[in-house]
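Thanks for coming. I have one structure to go through this morning, and I will keep to what can be read from the coordinates.

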There are 2 protein chains.
Amino acid sequence: MSRPTVHDVARVANVSLSTVDRVLNGRDGVRAATQERVRAAMKQLGYERDLMAANLSRKRIYKIRFVIPDGPNSFMRNLAAELETQARIALRDRTEISVSLVPPFDGRALGAELRRTRETEADGVVMVATESAEVRQAVSELRAAGIQVVTLISDLSASARGHFVGIDNVSAGRTAAGLLGRFCAGRPGRIAIVAGSMLVRDHVERRLGFEQVMHSEFPELKLLPPIESGDEAARVDRLLTDQLREHPDIIGIYSLGGGNRGLRDALDRAGADPRPMVVVHELTDQSRVALQDGMFDAVLQQDIRKEVTSALVIIRNLIEAMPIDAETGRIHTEIFLRDNLP
Amino acid sequence: MSRPTVHDVARVANVSLSTVDRVLNGRDGVRAATQERVRAAMKQLGYERDLMAANLSRKRIYKIRFVIPDGPNSFMRNLAAELETQARIALRDRTEISVSLVPPFDGRALGAELRRTRETEADGVVMVATESAEVRQAVSELRAAGIQVVTLISDLSASARGHFVGIDNVSAGRTAAGLLGRFCAGRPGRIAIVAGSMLVRDHVERRLGFEQVMHSEFPELKLLPPIESGDEAARVDRLLTDQLREHPDIIGIYSLGGGNRGLRDALDRAGADPRPMVVVHELTDQSRVALQDGMFDAVLQQDIRKEVTSALVIIRNLIEAMPIDAETGRIHTEIFLRDNLP
DNA sequence: ATGAAAGCGCTAACAA
DNA sequence: TTGTTAGCGCTTTCAT
């Protein structure tokens, strides 16, 4: 037998199609008693609404707005590119994607942009959050206006966002330590840490996780205080070059932010032998080449495509008030070595 | 403006709906000239068929049959469980999944089962292949009967299968070597290899990749000949215990097949200190616990869920003669440490 | 508060 | 070879 339809439900409940529809979509104008009958019929038949037919009928088009930082690093540029690709594909699912770029690490700008999206009649907003009161406020307003909000990559604490899609950055840091610690085991020495900025939440979390594991499991490795590069390659190069000169016993480097190009340059310049073991974040053209060269040992990554598609699934479910599979938003930290590059 | 529909195309091309439909679906009975007009209209309008509406209309239900080995290891049991889950979900996409189990490593049995599926009026078959002439033959027959075939996890060389979904096992072996080699660097010693059977193709490929990298990049580590366990925990335990006793200088172990429970038992019994570094395949309850205990260092994995959903997407595209994104079938080898467990 | 009927974009008989 | 028409399962006016 094929799946039961609204017709079946209507027949069993002894009501018309419209009434079934009203119950189905939680519209009012149905007596409680009737509602019960309809619901009973649905349960009895195991009715499950056909979303495709529903969307076909109502000509529903989900309008989703992505608000992402206009960062200097190739990671964010990859995100933008991925969004362009997904925009094409999403059309088949009746989803219209628009993108707006905002200055990075700027809560005020992000908040303002979020307010502006209310005029675009979007059904939902997906954003890479920056921690800030303005942003939290703007999110509340969106929610109040019936616009769903999903945070991507970087979450917004204590906010009204409906869901977060991204990796667990503390565990990413721990993972980096697990790798680097094992890579360096047996050879006492120092570990350098290169971060973008300690004002950014994911970087803080990665550092936290990294230090947790380093201290508890590889106490013979001494951690240097993190270099803050603002994710700019040139600064990474300069600061790290200095540090390598000052500490010839650096045997491992963890770069938890952007600017990996500068990392390569610094290592090239230093030309140590054996070179330090290196673990970095985000698979970009730069880090891929460095992995193949043997200059980097491991790259931690979050699958941007998966993040985008998960965010779309989740925000559509949010919009439709459908249950959300917790698994969907949980992106795990992937590890790439030279030989399992995708 | 909203997307153009068949009506628009019909109007512009000055034909009826049916004619547009015929062209759209490559049915014959349309003059070449008319076809051209219709195609021109489609191009002009940028028409793209609405698959949901199409499926709604034709009440199309994709019947997909999965043929998988009834193996003794938890990996295959996980596969079966995942299929059960996906069966439920796939219904929403008008896809009906059925599963049939066959004896593992038995080409004859698999071939026979494939022949039998022709009677189930399936639209497509997804199978974990075993290399064998019977199987290749059966695949050809299915294709001839218009039934699409996709191989999953283990490919079938020189066959008519429409697509393969799974990881690159040579590169998985190389990846294992990259990890284990770095983990053991600096401490000369021996590496033990535990395999299921050298008659199985993915195991052979993993071993190949592993030895490639070990020889070229970590020549100071000596490889022992592989233990063949038939993926049975008890045999892994016994054989490995012997080997550990015979070679007290084993500092690393690569297990490329099943039976990881036996591996744990053997290590427990040996109780070496420091214990050898261990890299295994497939995230199961066993290997997960061992990772958390700190008994295993890394687990290589193929995402079964992703493999199943990719296989579904691909076989549906095959059935609909739609273009296939090469990326979809390429599953990459994931690496798990204790801290990035999903 | 409930129902009848007309679509949504596409397909599939059946006619012409 | 081409066209007409009646659905697919659901939503949405507009009546009642």
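I will start with the ground rules, then take the chain, the pair, two helix contacts, two buried side chains and some backbone oddities.

This is a predicted model, so local features need pLDDT of at least 70, side-chain atom pairs count only at pLDDT 80 or more, and totals for chains, interfaces and linings use all residues. Residues are numbered from 1 along each chain as its sequence is written, chains are lettered from A and ligands numbered from 1 in the order in which they are written, and side-chain values use heavy atoms, with hydrogens and water left out.

Chain A, then. It has 14 helices and 12 strands; these are DSSP runs numbered from the N terminus, with helices being H or I of at least four residues and strands E of at least two. The C-alpha trace of chain A spans about 85 × 45 × 35 Å along its principal axes. Of its 342 residues, 54% count as buried. Buried means under 20% relative accessible area, exposed means over 50%, and partly exposed is in between, with a 1.4 Å probe and protein chains only. As for contacts, meaning heavy atoms within 4.5 Å, take those in chain A between residues at least 6 apart in sequence: 69% of them join residues at least 24 apart.

Now the pair. Two copies of a chain are related by a rotation about an axis and a shift along it. Here a turn of 179 degrees and a shift of 0.0 Å along the axis lay chain A on chain B with an RMSD of 0.2 Å. That is how a two-fold axis relates two copies. Both copies use the same surface, and 97% of the contact residues of chain A recur in chain B. The superposition is by least squares on the C-alpha atoms of residues with pLDDT of at least 70 in both copies.

One residue to look at here is B:Phe183, in helix H8 (residues 169-184) of chain B. Is B:Phe183 buried or exposed? It counts as buried, because its relative accessibility is 0%. Setting aside neighbours within four places in sequence, B:Phe183 touches A:Arg182 and A:Phe183 from chain A, and B:Met277, B:Val279, B:Asp297 and B:Ala298 from chain B. B:Met277 is 94 residues away from B:Phe183 in sequence, yet their C-alpha atoms are 6.8 Å apart.

Next, helix packing in chain B. The axes are lines fitted to C-alpha atoms, for helices over the stretch in contact, and angles run from 0 to 180 degrees between N-to-C directions. Helix H6 (residues 107-117) packs on helix H7 (residues 133-144) at about 15 degrees, with the axes 8 Å apart. That makes H6(B) and H7(B) roughly parallel; the cut-offs are under 35 degrees for roughly parallel, over 145 for roughly antiparallel, 65 to 115 for roughly perpendicular, and oblique for the rest. The contact of H6(B) with H7(B) has six nonpolar, four polar and four charged residues. For those classes, Ala, Val, Leu, Ile, Met, Phe, Trp, Tyr, Cys and Pro count as nonpolar, Asp, Glu, Lys and Arg as charged, and the others, Gly among them, as polar.

Helix H2 (residues 17-24) and helix H3 (residues 32-45) of chain B pack at about 85 degrees, with axes 10 Å apart, so H2(B) and H3(B) are roughly perpendicular. On the H2(B) side are B:Thr19, B:Val20, B:Val23 and B:Leu24, and they meet B:Thr34, B:Gln35, B:Val38, B:Arg39 and B:Met42 of H3(B). By class, that is five nonpolar, three polar and one charged.

The other side chain is B:Leu312, in helix H13 (residues 304-319) of chain B. B:Leu312 is buried at 4% relative accessible area. Beyond four places in sequence, B:Leu312 contacts B:Ile64, B:Phe66, B:Ala90, B:Thr95 and B:Ile97.

Last, the backbone. Most residues other than glycine have a negative phi, and most peptide bonds are trans. In chain A, a cis peptide bond with omega of about 0 degrees joins A:Asp273 and A:Pro274, and A:Pro274 lies in the loop between helix H11 (260-270) and strand E10 (277-281). In chain B, a cis bond joins B:Asp273 and B:Pro274, again with omega of about 0 degrees.

Two non-glycine residues have positive phi: A:Glu121 at about 45 degrees and B:Ile153 at about 70 degrees. A:Glu121 is exposed, at 59% relative accessible area, whereas B:Ile153 is buried, at 4%.
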